[in-house]
Amino acid sequence: MCGIAGLIHKGKSSNVGGEMTAMLQALKHRGPDSTGYAVYGKPTEGDYIMRLKVAEAEDMHKGRGIHQVIVDRIAAVEEILAEHGAAVKSKESVTEYALRFVLGHEGDTSVMAEHIEETEGVEILSLGNGLELIKDLGDAADVAGLYGLDKFKGTHSIGHTRMATESDVDIRSAHPYWAFPYNDVSVVHNGQITNYWIMRREMERKGHRFMSNCDSELLAVYTAHNLANGITLEQSLRNSIEEIDGVFTYLVATKDQLGMAKDTMAAKPLVLYESDDLIAMASEEVAIRAILPEEIDTYDPYDEEVRVWQA
Amino acid sequence: MASVSDAELKQMSQEERVTALGMRTEQLTGKSLHIEFDPDAEERFTYPWAPEVDFNKRTEIDTVDMTTTEVNGRIRELMAEGYGTIVLQNPRGKHSLGVGILSKLNLIIEGSTGYFGVGLIDGPNIRINGRVGWSCGENMMSGTVMIEKNAGSTFGAAIRGGDLVCRGSVGSRTGIDMKGGTIIVGGDTGALSGFMMQRGRMVVCGNAGKNLGDSMYDGTIYVGGDIKSCGVDAVEAELTNLDKAWLTRKLTQYGLMPEKGVDHFTKIVAGKQLWNYDNLEPSEKKLIL
């Protein structure tokens, strides 16, 4: 079933971490397996924020050897960063397997990202100037508490509560997906993609990598491919309705935009609220009411509807 | 049935004829149906256990800190105490509010509800001063539901009776599988509205999305605006004076009468080229209906 939510403040920052937590907690019943956030803080030109995981949450219960493996993997990542001339300005680890780096780096980061992911067991969750992508097992309150998201200031955010139907309950199959290696692009999805393998093979032939067997990852790769080829976000969303089969409603966020697309059958829900300074959307009205308790006007977008908002 | 000739049928009494045609009588075992349709019972049109409520007895429930189960339980308690007008404050998108009310009641919801609002009802008059989520009024049997703002998809799915009215626009698959009653939409409706409709009437004052009335068996859809496309076997029919009179009466009743009247409405019915009731044996027909 899965629950998705998104919000974007126009021209101002807000506590998007706290707001998204309230929205996702209200959607907990749609998916209790894992919760993920993509939050966008103030972009820092030249500095990159990299979130990565060096093991799965369930790996931590697989014997004492894992701790040394994690130390080795982090050392390998730091070595690759140094090779690419990335200055580590700060390094935090909220859990043993999830780290946050602030990097000083000039030029293209995609090769560096590819090299880091060559390290076994290491997956970059996000890389960008503004994007921070956090996902872990448990509900929104658990994840927000663990990663200190309650006070995150930013302009926009998308989030996801996952009910695993197509692949495993683990962090690699949790949403949001970062559109590797395209900086600051993330995707959340509710639905099932029926031409996943055809599209995946097509994307793989074009040189894109897949980290999981989750059909939603395809949307992230697909969007990254389009954006890399100079297609606008809005056009990419429109093309996806033609090219991707199945039932889906998905949200895409970039450094300063938030977009949505709904399939031809309008089979997956989305409720929208729009005002001059805030746009909020979620699978259920109850999530929007979690941050806007007063009486407001909301509506359901129709089939094949595509919208893009600017921060 | 194939084994009975027309000549034989003419000789039979009405009772023998329906039996020969495959109709069967049966003792309904469902407790409520059995009691409700007892021919010896006093003539009454409410369920025997329905509480006697007084519409002038009014109360309010602030639902902000309550769960859906608590709210629906509280409504029943208040009805048992004789309250005939109940107002729900601060629903804030809660799901399944006001479901399963099987007797007369004025229920007013001051705000928006989530999914499956006021489904499975039989008799109450409900006004929702807000928006409703997916599947509002699903399977309603009778009564009136009035929604002041927009509604989500599968609005009035499988309704069997009563009037379900939305002043705003509704989502996709409105009146999917509807088996009776009336759905009235003041604004637009999305794709596949009236999908597999079997009976009843649906009125859309605004525009309708693609595949309107797809695979409908029977029933009538009236659209005041543009139709993006009709679905399989949904065809346009002549808007008769009887249709116009009915539309005028219904739309006037709910304050949705367009200024330019009802002459511009398009009437959509089933073309009956697909497998439909008329092709079925009476016994099969009975199973479906």
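How many bridges join β13(A) to strand β14 of chain A, and which way do the two run? Here are my notes on this one; keep in mind that the model is predicted.

1. Let's settle that opening question. β13(A) and β14(A), the latter being residues 278-282, are joined by 4 bridges and run antiparallel. If you want a pair to look for on screen, try A:V271, whose bridge partner in β14(A) is A:A282.

2. Now zoom out to the sheet in chain A. It is an open one, made of 6 strands in the order β7-β2-β8-β1-β14-β13, and the pairing is antiparallel. At the edges sit β7 (131-137) and β13 (271-274) of chain A, each of which pairs on one side only. Going from one strand to the next, the twist averages 5 degrees.

3. Two helices of chain A pack on that sheet. Helix α1 (residues 16-26) touches β1 (3-9), β2 (34-40), β8 (156-162) and β14 of chain A. The direction of α1 makes about 30 degrees with that of β8(A). Helix α4 (residues 140-147) touches β2, β7 and β8 of chain A, and its direction makes about 125 degrees with that of β7(A).

4. Helix α2 of chain A, residues 65-83, is a nice one for checking a bit of arithmetic. At 1.5 Å a residue, its 19 residues should span 27 Å, and the end C-alpha atoms are indeed 27 Å apart, so the two agree.

5. Which residues of α2(A) are buried? They are A:I70, A:R73, A:V77 and A:L81. These four cover an arc of only 80 degrees around the axis, so they lie on the same side of α2(A). What do they pack against? The partners are β4 (87-95), β5 (98-104) and α3 (110-117) of chain A.

6. Turn to the other side of α2(A) and you'll find exposed residues: A:G65, A:Q68, A:V71, A:A75, A:E79, A:A82 and A:E83. Just after the helix, have a look at A:G85, which takes a positive phi of about 70 degrees.

7. On to chain B. This chain has 6 helices and 11 strands, and 42% of its 289 residues count as buried. Take the contacts in chain B between residues at least 6 apart in sequence: 28% of them join residues at least 24 apart.

8. Finally, where the chains meet, 21 residues of chain B are in contact with 15 residues of chain A. On the chain B side, the residues that touch chain A divide into 14 polar, 4 charged and 3 nonpolar.

Methods:
Residues numbered from 1 in each chain as written. Chains lettered and ligands numbered in written order. Predicted model: local features only at pLDDT ≥ 70, side-chain atom pairs only at ≥ 80, totals over all residues. Contact = placed C-beta atoms within 7 Å. Nonpolar A, V, L, I, M, F, W, Y, C, P; charged D, E, K, R; others polar. Expected span 1.5 Å × (residues − 1). Buried ≥ 20, exposed ≤ 12 C-beta atoms within 10 Å, placed from the backbone. Arc of directions from axis to C-beta. Pairing = 2+ DSSP bridges. Axes fitted to C-alpha atoms, helices over the stretch in contact; angles between N-to-C directions.
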